[in-house]
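Colleague: I'm new to this structure and would love a close look at a single part, the metal site. Could you walk me through it and what lies around it?

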Amino acid sequence: MHTKACIFDLDGVLVDTAKYHFLAWKRLADELGVNFTETDNERLKGVSRMASLEIILELGNRHLPVIEREKLASVKNRWYVEYISKMTPEEILPGVLDFINELKANKIKIALGSASKNTPLILERVGMKKLFEAVADGNVVHNAKPDPEVFLKAAEMVGTEPSECVVFEDAVAGVEAALRAGMICVGIGDQNVLSDSHLVVKGLDEMNIEKILVLEKRLGYE
Ligand code: BG6
Ligand code: MG
């Protein structure tokens, strides 16, 4: 098998935290008097905390100094942390644990590549911490997706060449980051949105080793 490591995005791939991000951003937008819908929330997926706030301010045509923006981002994060602090292992998305266990049984290294600074808390709450050999998250990475830094860092941490890594991503910015890192990318979600990925599935419950082997063959890796 050509693939040596699999790198998973967190939010939207392993757990559905997008709903908590939405609730917290919505509360902030309401306080600011900015109209913010679930459709607008799609634009925030995979995007860093500050960049997300900037999208919301732009929707309301609001301009605020950096110091104010930093305060608002930390208020939003406080509310978000209240939600994720109550998460349980039941919130791990379908198929995630079976797929990761199948990969491990085949000696594939497992790493995490996420923009979130709250990654350690989420992994702890859902009981997934021990599954990962490496965690590259918002606390160790400086350049947000679509920059490839987060995935290159994860590959380095598990000692694997980028070309031997497969990334699982639900956000357009994340797919771009994986491709820029020179990795195989499996999109998790809608084919029309993630069409740049090498393969798109609706969720990890549709993934198995066999599909990776077929993909490797199609891409000319043996
Ligand atoms: C990404 C999410 O994984 O992490 C984004 O898709 C979020 O919506 C980003 O803004 C940063 O997360 P956090 O937890 O550091 O605010
Ligand atoms: Mg995501």
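Modeller: In this predicted model, Asp-9 and Asp-170 are both buried. Together with Asp-11, these two residues are the protein donors of the magnesium ion (ligand 2). Asp-9 and Asp-170 each offer an OD atom, while Asp-11 gives its O, and the donors lie 2.0 to 2.1 Å from the ion. Along the sequence, the donor residues follow the spacing D-x1-D-x158-D. Distant parts of the chain are linked in this way: Asp-9 sits in the loop between strand E1 (5–8) and helix H1 (18–32), and Asp-170, 161 residues apart from it, sits in the loop between strand E4 (165–169) and helix H8 (172–180).

Now for the surroundings. Asp-9 is touched by Leu-14, whose other contacts include Phe-8, Met-128, Phe-132 and Leu-204. Leu-14 and those four residues, along with Phe-168, have the most contacts inside the largest nonpolar core, a set of 51 residues. Helix H1 gives the most to this core, with 7 residues. A second, separate core has 21 residues, among them Val-158, Ala-177, Ala-178 and Leu-194.

You may also wonder about the cysteines. The count of disulfides is 0. Cys-165 is buried, with a relative accessible area of 1%, but its sulfur cannot pair because the closest cysteine sulfur, in Cys-6, is 8.3 Å away, too far for a bond. Cys-185 is buried too, at 0% relative accessible area, and its sulfur lies 11 Å from the closest cysteine sulfur, again in Cys-6, so that distance is also too far for a bond.

Methods: Residues numbered from 1 in each chain as written. Chains lettered and ligands numbered in written order. Predicted model: local features only at pLDDT ≥ 70, side-chain atom pairs only at ≥ 80, totals over all residues. Heavy atoms only, no water. Donors = N, O, S within 2.8 Å, 3.2 Å for Na, K, Ca; no water. Helix = DSSP H or I, 4+ residues; strand = E, 2+ residues; numbered from the N terminus. Buried < 20%, exposed > 50% of the residue type's maximum accessible area, 1.4 Å probe, protein only. Core = buried A, V, L, I, M, F, W, Y, C linked by side-chain atoms within 4.5 Å. Contact = heavy atoms within 4.5 Å. Disulfide = S-S within 2.5 Å. Lists of a residue's contacts leave out its neighbours within four places in sequence.
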